[in-house]
Amino acid sequence: MRSDVAVKVFGDDPAAMQATAQQVARVLGRLPGAAEVKVEQTEGLPALTLEVDRLRAARHGLNVADVQEAFGTLVGGRDVGVVYEGDRRFAITVRLADGVRSDIDTLRQLPIALPPQGQGGRAASIPLAEIATLRLVPEASQVSRENGKRRVVVTANVRGRDLGSFVADLQAAWPRWTCRPGPG
């Protein structure tokens, strides 16, 4: 969707860029004629992170890759076979149900299989929470770049006045901005 005015914020620190973009939006919103002021969405849904405690896992005979693979299979799924129906093929995927995959408390209790102990040893497992930490952390939903630099765009439409005087007022409102005409 196109807007009349776009202010691009460049930088390396996503938090600082977002703070600057919000400040730009406030300045834009106070200008006469500004309408539909928006900051580009950069933060999305929280992402689930798994941090395996290497020492605890090792005490149970597990390594990080074992724990990540077991967790990944249960949450992300793994193809375990194929069903053929005439000329069509369908993958058989094993994974937890949607309701379970979104419940962090249930995920912490997932059983992680331990390596067999000796000949004829019993299969044993421990809850994931004993060897790993699960957290929901905000992640970037998108990272826009221009000429190799991170970018966040603040947009606005102009109502009831000409674009040239609006841009001049914008430049005067924050003189340290570098304003260049964009593609028209």
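The expected span of a helix is 1.5 Å times one less than its number of residues, and helices here (H or I, at least four residues) and strands (E, at least two) are DSSP runs, numbered from the N terminus. With that in hand, take helix 1: residues 14-30, 17 of them, reach 25 Å from first C-alpha to last, close to the 24 Å expected.

A word on where this comes from: the model is predicted, with local features needing pLDDT of at least 70 and side-chain atom pairs counting only at pLDDT 80 or more, while totals for chains, interfaces and linings use all residues. Residues are numbered from 1 along each chain as its sequence is written, and side-chain values use heavy atoms, leaving out hydrogens and water.

Overall, the protein chain has six helices and 10 strands. Of its 184 residues, 26% are buried, meaning under 20% relative accessible area with a 1.4 Å probe, protein chains only (exposed is over 50%, partly exposed in between).

Back to helix 1. Its buried residues are M17, Q18, A21, V24, A25, V27 and L28. Among the elements covering them are strand 1, strand 2, strand 10 and helix 6. At the N-terminal end, D13 acts as a cap, with a side-chain oxygen 3.1 Å from the backbone nitrogen of A15; a polar contact is a pair of N or O atoms within 3.5 Å, where, within protein, one must be able to donate a hydrogen and the other to accept it, and residues adjacent in sequence count only if both atoms are side-chain atoms.

Now for the inside. A nonpolar core is a set of buried Ala, Val, Leu, Ile, Met, Phe, Trp, Tyr and Cys residues joined through side-chain atoms within 4.5 Å. The largest one has 19 residues, and L50, F71 and L128 have the most contacts inside it. These elements each supply at least two of its residues:

| Element | Residues |
|---|---|
| Strand 3 | 43-52 |
| Helix 3 | 64-76 |
| Helix 5 | 104-108 |
| Strand 8 | 132-140 |

Helix 3 gives the largest share, four residues. A second, separate core of 17 residues includes V9, M17, V24 and L31.

Over in strand 10 (residues 149-158) sits T155. T155 counts as buried because its relative accessibility is 19%. Leaving aside neighbours within four places in sequence, T155 is in contact (heavy atoms within 4.5 Å) with S3, V5, A6, E36, V37 and K38.

Finally, strand 4 (residues 78-85) and strand 5 (residues 88-94) pair in the antiparallel sense over seven bridges; pairing takes at least two bridges found by DSSP. V83 stands opposite F90 in strand 5.
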